[in-house]
Amino acid sequence: MLIGYARTSTVGQENGLETQRQLLEEIGCKRVFYEKITGTTTVKRDELKEAIKFLSDGDILVVTKIDRLARSIIDLHNIVKELNQKGVGVKFLKENIDFQAGKNNNSLQTLLFNILGSFAQFERDLIVERTSEGRERAKKQGKHMGRPPQDKKAIEKALKFYNERDLNGMSVKDISNLTGVPRSTIYAELKKI
(Lines give C-alpha, C1' and ligand atoms only; values in the text may rest on other atoms or scores of the structure.)
Protein backbone atom coordinates (compact mmCIF):
# COMPACT_ATOMS: atom_id res chain seq x y z
CA MET A 1 0.00 0.00 0.00
CA LEU A 2 1.19 3.52 -0.79
CA ILE A 3 1.18 5.91 2.17
CA GLY A 4 2.08 9.58 1.74
CA TYR A 5 3.91 12.03 3.96
CA ALA A 6 3.82 15.79 3.35
CA ARG A 7 5.44 18.57 5.38
CA THR A 8 5.88 22.32 5.27
CA SER A 9 8.09 24.32 7.61
CA THR A 10 5.79 27.19 8.48
CA VAL A 11 2.14 28.01 8.82
CA GLY A 12 2.33 30.38 5.82
CA GLN A 13 3.04 27.53 3.41
CA GLU A 14 -0.46 25.98 3.31
CA ASN A 15 -0.45 25.98 -0.51
CA GLY A 16 2.69 23.86 -0.53
CA LEU A 17 1.09 21.38 1.83
CA GLU A 18 -2.04 21.16 -0.29
CA THR A 19 0.04 20.70 -3.47
CA GLN A 20 2.00 17.86 -1.84
CA ARG A 21 -1.22 16.23 -0.64
CA GLN A 22 -2.74 16.38 -4.13
CA LEU A 23 0.37 14.86 -5.75
CA LEU A 24 0.44 12.04 -3.22
CA GLU A 25 -3.24 11.27 -3.67
CA GLU A 26 -2.93 11.39 -7.49
CA ILE A 27 -0.29 8.67 -7.50
CA GLY A 28 -2.51 6.45 -5.37
CA CYS A 29 -1.62 7.02 -1.71
CA LYS A 30 -4.40 5.51 0.40
CA ARG A 31 -3.58 7.78 3.34
CA VAL A 32 -1.52 10.96 3.65
CA PHE A 33 0.09 12.13 6.88
CA TYR A 34 0.92 15.84 6.87
CA GLU A 35 2.21 18.46 9.25
CA LYS A 36 3.46 22.04 9.50
CA ILE A 37 6.75 21.83 11.36
CA THR A 38 10.46 22.29 10.74
CA GLY A 39 12.35 19.39 9.23
CA THR A 40 15.57 20.02 11.13
CA THR A 41 14.71 17.42 13.75
CA THR A 42 12.38 14.45 14.08
CA VAL A 43 11.74 15.00 17.80
CA LYS A 44 8.47 16.96 17.54
CA ARG A 45 7.22 15.52 14.26
CA ASP A 46 4.24 13.59 15.57
CA GLU A 47 2.69 12.91 12.15
CA LEU A 48 5.95 11.40 10.89
CA LYS A 49 6.04 9.17 13.96
CA GLU A 50 2.42 8.16 13.34
CA ALA A 51 3.18 7.39 9.70
CA ILE A 52 6.13 5.19 10.67
CA LYS A 53 3.94 3.37 13.21
CA PHE A 54 1.14 2.96 10.65
CA LEU A 55 3.35 1.52 7.90
CA SER A 56 3.80 -2.22 7.74
CA ASP A 57 5.76 -4.81 5.76
CA GLY A 58 5.30 -4.32 2.02
CA ASP A 59 4.05 -0.72 2.25
CA ILE A 60 5.80 2.20 0.56
CA LEU A 61 6.15 5.66 2.11
CA VAL A 62 5.89 8.24 -0.66
CA VAL A 63 7.31 11.76 -0.20
CA THR A 64 7.28 14.50 -2.83
CA LYS A 65 10.90 15.63 -2.18
CA ILE A 66 13.80 14.46 -0.03
CA ASP A 67 13.87 17.68 2.04
CA ARG A 68 10.22 17.16 3.00
CA LEU A 69 11.22 14.01 4.91
CA ALA A 70 14.31 15.48 6.61
CA ARG A 71 16.80 18.35 6.43
CA SER A 72 19.53 16.42 8.20
CA ILE A 73 21.43 13.70 6.38
CA ILE A 74 21.64 11.71 9.61
CA ASP A 75 17.87 11.90 10.23
CA LEU A 76 17.21 11.06 6.58
CA HIS A 77 19.36 7.93 6.78
CA ASN A 78 17.89 6.90 10.13
CA ILE A 79 14.30 7.23 8.87
CA VAL A 80 14.96 5.27 5.66
CA LYS A 81 16.91 2.60 7.57
CA GLU A 82 14.14 2.23 10.17
CA LEU A 83 11.52 1.89 7.45
CA ASN A 84 13.57 -0.59 5.43
CA GLN A 85 14.07 -2.71 8.57
CA LYS A 86 10.26 -2.82 8.94
CA GLY A 87 10.03 -4.03 5.33
CA VAL A 88 8.79 -0.63 4.13
CA GLY A 89 10.06 1.00 0.95
CA VAL A 90 10.59 4.74 0.52
CA LYS A 91 9.93 6.65 -2.69
CA PHE A 92 10.84 10.28 -3.45
CA LEU A 93 8.82 11.62 -6.38
CA LYS A 94 10.80 14.68 -7.52
CA GLU A 95 14.17 12.94 -7.36
CA ASN A 96 12.76 9.68 -8.80
CA ILE A 97 14.45 7.63 -6.08
CA ASP A 98 12.84 4.43 -4.88
CA PHE A 99 14.31 2.39 -2.03
CA GLN A 100 12.65 -1.00 -1.90
CA ALA A 101 12.98 -2.83 1.40
CA GLY A 102 14.87 -6.12 1.25
CA LYS A 103 16.22 -5.49 -2.26
CA ASN A 104 19.68 -4.50 -3.40
CA ASN A 105 19.23 -0.88 -4.25
CA ASN A 106 21.12 0.66 -7.14
CA SER A 107 24.47 2.15 -6.03
CA LEU A 108 23.98 5.19 -8.29
CA GLN A 109 20.57 5.75 -6.66
CA THR A 110 22.17 5.53 -3.20
CA LEU A 111 24.84 8.04 -4.22
CA LEU A 112 22.21 10.43 -5.57
CA PHE A 113 20.17 10.03 -2.37
CA ASN A 114 23.22 10.91 -0.25
CA ILE A 115 24.13 13.91 -2.42
CA LEU A 116 20.60 15.32 -2.44
CA GLY A 117 20.22 14.70 1.29
CA SER A 118 23.48 16.55 1.88
CA PHE A 119 22.24 19.46 -0.25
CA ALA A 120 19.03 19.63 1.80
CA GLN A 121 21.09 19.86 4.99
CA PHE A 122 23.49 22.37 3.38
CA GLU A 123 20.57 24.55 2.29
CA ARG A 124 19.11 24.48 5.82
CA ASP A 125 22.51 25.36 7.32
CA LEU A 126 22.81 28.31 4.92
CA ILE A 127 19.39 29.61 5.94
CA VAL A 128 20.33 29.45 9.62
CA GLU A 129 23.68 31.14 8.90
CA ARG A 130 22.11 33.97 6.88
CA THR A 131 19.43 34.53 9.50
CA SER A 132 22.03 34.76 12.27
CA GLU A 133 24.18 37.13 10.23
CA GLY A 134 21.16 39.33 9.46
CA ARG A 135 20.16 39.41 13.12
CA GLU A 136 23.69 40.43 14.19
CA ARG A 137 23.84 43.10 11.48
CA ALA A 138 20.49 44.52 12.62
CA LYS A 139 21.62 44.59 16.26
CA LYS A 140 24.80 46.49 15.30
CA GLN A 141 22.65 49.03 13.46
CA GLY A 142 20.64 49.52 16.64
CA LYS A 143 17.46 47.92 15.35
CA HIS A 144 15.14 46.39 17.91
CA MET A 145 14.81 42.61 17.69
CA GLY A 146 11.66 40.82 18.77
CA ARG A 147 8.26 42.15 19.64
CA PRO A 148 7.73 45.88 19.93
CA PRO A 149 7.59 47.12 23.52
CA GLN A 150 4.14 47.44 25.07
CA ASP A 151 2.55 50.83 25.65
CA LYS A 152 3.15 51.82 29.30
CA LYS A 153 -0.28 53.47 29.60
CA ALA A 154 -1.99 50.32 28.35
CA ILE A 155 -0.03 48.22 30.86
CA GLU A 156 -0.99 50.59 33.70
CA LYS A 157 -4.64 50.38 32.60
CA ALA A 158 -4.45 46.56 32.48
CA LEU A 159 -2.95 46.42 35.98
CA LYS A 160 -5.65 48.78 37.26
CA PHE A 161 -8.35 46.48 35.81
CA TYR A 162 -6.57 43.50 37.35
CA ASN A 163 -6.50 45.10 40.80
CA GLU A 164 -10.20 45.94 40.47
CA ARG A 165 -11.24 42.55 39.08
CA ASP A 166 -13.28 41.78 42.23
CA LEU A 167 -15.42 44.81 41.37
CA ASN A 168 -15.53 44.47 37.60
CA GLY A 169 -15.57 40.63 37.37
CA MET A 170 -13.06 40.59 34.52
CA SER A 171 -10.71 37.71 33.86
CA VAL A 172 -7.11 38.26 32.74
CA LYS A 173 -8.20 37.21 29.25
CA ASP A 174 -10.93 39.87 29.30
CA ILE A 175 -8.43 42.49 30.47
CA SER A 176 -6.00 41.45 27.74
CA ASN A 177 -8.69 41.69 25.06
CA LEU A 178 -9.86 45.07 26.31
CA THR A 179 -6.43 46.71 26.68
CA GLY A 180 -4.47 44.88 23.97
CA VAL A 181 -1.81 43.91 26.52
CA PRO A 182 -0.88 40.21 26.24
CA ARG A 183 -1.68 38.04 29.25
CA SER A 184 1.99 37.08 29.53
CA THR A 185 2.89 40.79 29.91
CA ILE A 186 0.23 41.27 32.57
CA TYR A 187 1.56 38.32 34.56
CA ALA A 188 5.17 39.46 34.10
CA GLU A 189 4.29 42.94 35.37
CA LEU A 190 2.43 41.48 38.36
CA LYS A 191 5.54 39.48 39.30
CA LYS A 192 7.55 42.71 39.39
CA ILE A 193 5.16 44.23 41.92
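Here are some numbered notes on this predicted model, meant to be read with the structure open beside you.

1. **The parts list.** Start by colouring the protein chain by its elements: you should find 9 helices and 5 strands. Walking from the N terminus, their order is β-α-β-α-β-α-α-β-β-α-α-α-α-α. Notice how that order ends: after two strands in a row come five α elements. It helps to keep this order in mind, since the points below refer to the elements by their numbers.

2. **The overall outline.** How does the radius of gyration of the protein chain stand against that of a compact globule of 193 residues? The globule would be near 16 Å, but the protein chain has 24 Å. The box tells you about the outline too: along the principal axes, the C-alpha atoms fill roughly 75 × 40 × 25 Å. Try turning the model until you can see each of these three directions in turn.

3. **Surface, burial and contacts.** Of the 193 residues, 34% count as buried. The accessible surface of the protein chain is about 12300 Å², and carbon and sulfur atoms account for 51% of that surface. As for contacts between residues at least 6 apart in sequence, 61% of them join residues at least 24 apart.

4. **Charges.** The protein chain carries 34 positive and 26 negative charges. If you take the mean position of each set, the two points are 4 Å apart.

5. **The largest core.** In soluble globular proteins, nonpolar side chains tend to be buried together. Here, the largest nonpolar core has 23 residues, and those with the most contacts inside it are Leu-69, Leu-76, Leu-83, Phe-92 and Phe-113. Which elements give two or more residues to this core? They are the strands β1 (2–8), β3 (60–63), β4 (89–92) and β5 (97–99), together with the helices α2 (46–54), α3 (66–69) and α4 (73–85). The largest share, 5 residues, comes from α4.

6. **Phe-113 as a place to look.** Select Phe-113 and show what surrounds it. Leaving out residues up to four places away in sequence, Phe-113 touches Ile-66, Leu-76, His-77, Val-80, Phe-92, Ile-97 and Phe-99. Two of these names, Leu-76 and Phe-92, also appear with Phe-113 among the residues with the most contacts inside the core.

7. **A second core.** A separate core of 11 residues includes Ile-155, Val-172, Val-181 and Ile-186. Val-172 is in helix α8, which covers residues 172–179. Why does Val-172 count as buried? Its relative accessible area is 12%, and buried means under 20%. Beyond residues up to four places away in sequence, Val-172 touches Tyr-162, Arg-183, Ile-186 and Tyr-187. For a sense of distance, compare Val-172 with Gln-100: they are 72 residues apart in sequence, and their C-alpha atoms are 56 Å apart in space.

8. **Two neighbours in α4.** Ile-73 and Ile-74 both lie in helix α4. Is each one buried or exposed? Ile-73 counts as buried, at 18% relative accessibility, whereas Ile-74 counts as exposed, at 59%. Ile-73 is in contact with Asn-114, Gly-117, Ser-118 and Gln-121, leaving aside neighbours within four places in sequence. The C-alpha atoms of Ile-73 and Leu-116 are 9.0 Å apart, with their places 43 residues apart in sequence. Ile-74 and Pro-182, by contrast, are 108 residues apart in sequence and 40 Å apart in space, C-alpha to C-alpha.

9. **Phe-54 in α2.** Phe-54 sits in helix α2. With a relative accessible area of 35%, Phe-54 is partly exposed. Apart from residues up to four places away in sequence, Phe-54 touches Ile-3, Arg-31, Phe-33 and Asp-59. Phe-54 and Phe-33 are 21 residues apart along the chain, and their C-alpha atoms are separated by 10.0 Å.

10. **A backbone angle to check.** Which sign does the phi of Asn-96 have? The angle is positive, about 55 degrees, although Asn-96 is not a glycine. You will find Asn-96 in the loop between β4 and β5. Asn-96 counts as exposed, at 64% relative accessibility.

Conventions
Residues are numbered from 1 along each chain as its sequence is written. This is a predicted model: local features need pLDDT of at least 70, side-chain atom pairs count only at pLDDT 80 or more; totals for chains, interfaces and linings use all residues. Side-chain values use heavy atoms; hydrogens and water are left out. Helices (H or I, at least four residues) and strands (E, at least two) are DSSP runs, numbered from the N terminus. The radius of gyration is taken over C-alpha atoms; the globule rule is 2.2 Å times the number of residues to the power 0.38. Buried means under 20% relative accessible area, exposed over 50%, partly exposed in between (1.4 Å probe, protein chains only). Contact means heavy atoms within 4.5 Å. Accessible areas come from the Shrake-Rupley method with a 1.4 Å probe; for residues, only the protein chains shown count as cover. Lys and Arg count as positive and Asp and Glu as negative; His and the chain ends are not counted. The place of a charge is taken as NZ of Lys, CZ of Arg, CG of Asp or CD of Glu. A nonpolar core is a set of buried Ala, Val, Leu, Ile, Met, Phe, Trp, Tyr and Cys residues joined through side-chain atoms within 4.5 Å.
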